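Me: I should like to learn how to read enclosed space and side-chain surroundings in a structure. Could you take me through an example?

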Amino acid sequence: MKKMLIASAILMAAPFAAQAGADFVEGDKTLAGEAELGATLTTGNTETTSLKGRLDIKHELGNWENQYLLEALYTEDTGAVTGKRYFGLIQGNYQLTDTSYIFVNANHEIDPFTGFDSTSTVSSGYGHKFIDDGKTLFNVEVGPGYKYKRLDTESAALVGYDSEDSWVAHGVMNFETEITESSKFKQMFVADYGETFEGRSETSITANIIGSLAMKFAVIVRYNDSPLDDKESTDTETNMTLLYAF
């Protein structure tokens, strides 16, 4: 845990030496966001519950472009919990020019079905917007990071240790484009390569319904090339949610 605190301090200190700025939040606002909610409930011969929530906030403050993200997923089948995941992320981008920036990212995930109580990652590095014309955005981020994982009690007893940690190479590729005036396509890849390789892909299509209300369809794939012995290497999540932009 001491390594985690040291890495956080180093990475959080890295971006405090540059100047510039770009339009991050549309219009004259400095704060904007999206709230998502989806739910499925069945009763009778089959009793299932599925809830998905997400809050994504963007904040423009001088040369800083900040993102705050919270996600929650809960599924239950006939009284037994079959899925539970909570994820939080904070990222600050300090603009060097209109197309380049230095980023600092910290995220924390709780997913007991992977055999880990929690996973924390901090990273920092360089980002570049190859396309940013108001309709299409394509940007890439690369830099070093540090990942800390705490195993649950059962997994720790099986492997003989209670935590894992490693330095990683962190990379993000993000593509967004307007399909029509009322619909948007997004594709994001996130990868951390160290002692193991872990990746995340999120593909989504958003279609406006009326005003600030939209429907979003998303497919999320998580991959770990070295899962614990009784776990799968790939997790997939498909959901349909209502999205409200503010």
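Reply: What follows treats a cavity and then a single glutamine. The model is predicted, so local features need pLDDT of at least 70 and side-chain atom pairs count only at pLDDT 80 or more, while totals for chains, interfaces and linings use all residues. Residues are numbered from 1 along each chain as its sequence is written, and side-chain values use heavy atoms, with hydrogens and water left out.

Me: How many cavities of 30 Å³ or more are there?

Reply: Rolling a probe the size of a water molecule over the atoms shows where empty space is left. A cavity is a set of points, on a 1 Å grid over the protein atoms alone, where a 1.4 Å probe fits but cannot get out. The count here is one cavity of 30 Å³ or more. The largest cavity has a volume of about 50 Å³, volume being the space filled by probe spheres set on the points.

Me: Which strand gives the most to the lining of the largest cavity?

Reply: Lining residues have an atom within 4 Å of a point, and strands are DSSP runs (E, at least two residues) numbered from the N terminus. Strand 3 gives the most, with three residues. Among the lining residues are Lys 52, Arg 85, Phe 87 and Glu 237.

Me: Is Gln 187 buried or exposed?

Reply: Buried means under 20% relative accessible area, by a 1.4 Å probe on protein chains only. Gln 187, in strand 9 (residues 183–193), is buried at 15%. Its side chain makes a polar contact with the side chain of Thr 203 at 2.4 Å (N or O atoms within 3.5 Å, one able to donate a hydrogen and the other to accept it).

Conventions
On a 1 Å grid over the protein atoms alone, a cavity is a set of points where a 1.4 Å probe fits but cannot get out, and a pocket is an open set with protein on both sides within 12 Å along at least five of seven lines; lining residues have an atom within 4 Å of a point. Helices (H or I, at least four residues) and strands (E, at least two) are DSSP runs, numbered from the N terminus. Buried means under 20% relative accessible area, exposed over 50%, partly exposed in between (1.4 Å probe, protein chains only).
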